[in-house]
Each structure stands twice: as structure tokens, then as C-alpha cells.
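Good morning, and thank you for coming. Please look at the sequence and the model on the screen while I speak.

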Amino acid sequence: MILYNTKKIKTNENNFYQLLYIHISNTLDMNSTTEFNLIVNTIVKGGIKTIILDLERLDYIDSSGISVFVNTTKTLRQIQGDLVMINVPEKIFDILDLVKFQDFIHIYPDFESAIKHFEEK
């Protein structure tokens, strides 16, 4: 299941930016990546370039799930945006670690740490 909402983050007294917060649970595989792509493409076309993925309840990911993360990140970086992950379960992290995923996409322990990543950009 994929739940999402946009959040407005205040960076200082006068500046805000919007991000897309996506919570993915259960499985991200060939059957669910279409839904993920639809959500992301629609939101990005609306002007949001910052995405935080919360994987706390993700139980399974296959190569198509990994691929959709990589492709989304590439797309966002082409428009000066980015994607980060938070709350990655150990078994999912072990899979991502095998392919050196964290060398390409930043992984943070929580929402606050991810926000700091974007504030530093």
C-alpha cells in the first residue's frame, strides 16, 4: 500500500518549500511500481521536487522496486530535486546494501534527519 501527502516545510522566517512524503507498506514489486510512478509523476509535474520515502512498514522489495527508486531519483536530480529514504527496516536495508544503494540515495533514520538534508542543499 502506498500512502502519500504533501508537506510544507518552513526553512526560515520567510522561506518554505513543499515536499512529497510517501509511506510504503507491505510490498513494492512489479505489481505496485505502476501506482508509485503515477503518484510521483503527477506530483512532480505539479512542481514538487523533494521526496521523502518512509519505508518503516515495507516487508518486501524486488528489483523493479529498486529500479523505480533509482529512476525517480535520477529524474528529480535532473530538475535540482532529490529523494531520500527514512525508517528503512533492517531486512530491506540489507538488500539495498548488497547493491551499494546508499552510495546513490541517502538513507536517514527519521524524518527530522531527512529534513536537515534538504535544508543543507
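I shall begin with the chain as a whole and then turn to selected residues. Please keep in mind that this is a predicted model.

Let us start with the overall architecture. The chain contains 4 helices and 5 strands. If we follow the sequence from its start, these elements appear in the order β-β-α-β-α-β-α-β-α. There are 121 residues in the chain, and 44% of them are buried. As for the outside, the accessible surface amounts to about 7000 Å², and carbon and sulfur atoms contribute 49% of that area. How much of the contact pattern comes from residues 24 or more positions apart? Among contacts with a separation of 6 or more, such residues account for 67%.

I now turn to two of the strands. Strand β3, residues 50-61, pairs with strand β4, residues 82-86. The pairing is parallel and extends over 5 bridges. Within this pairing, I52 lies opposite V84 of β4. The route from β3 to β4 passes through helix α2, residues 63-78, and this β-α-β crossover is right-handed. As a general point, side chains in a regular strand alternate between the two faces of the sheet.

Next, the aromatic residues. The structure contains 3 aromatic pairs. One of them is formed by F36 and F69, whose ring centres are 5.7 Å apart. Why is this pair called edge-to-face? The planes of the two rings stand at 75 degrees, and an angle over 60 counts as edge-to-face. The pair links distant parts of the chain, since F36 belongs to helix α1 and F69 to helix α2, with their positions 33 residues apart in sequence. Are these two residues buried or exposed? Both F36 and F69 are buried. Together with F101, they form one aromatic cluster.

Another ring has a charged partner. The charged end of R77 is placed over the ring of F104, at 4.7 Å from the ring centre.

Finally, I ask you to find N31. Where along the chain is N31 found? N31 lies in the loop that runs between β2, residues 16-28, and α1, residues 33-45. N31 has a relative accessible area of 69%, which is over 50%, and therefore counts as exposed. N31 and S64 are 33 residues apart in sequence, and their C-alpha atoms are 9.1 Å apart in space.

Thank you for your attention.

Conventions
Residues numbered from 1 in each chain as written. Predicted model: local features only at pLDDT ≥ 70, side-chain atom pairs only at ≥ 80, totals over all residues. Heavy atoms only, no water. Buried < 20%, exposed > 50% of the residue type's maximum accessible area, 1.4 Å probe, protein only. Contact = heavy atoms within 4.5 Å. Areas by Shrake-Rupley, 256 points an atom, 1.4 Å probe, with all protein chains shown as cover. Pairing = 2+ DSSP bridges. Right-handed = clockwise from strand over helix to strand, strands pointing away. Phe/Tyr/Trp six-rings, centres within 6.5 Å; stacked < 30°, edge-to-face > 60°. Lys NZ or Arg CZ within 6 Å of the ring centre and 35° of its normal.
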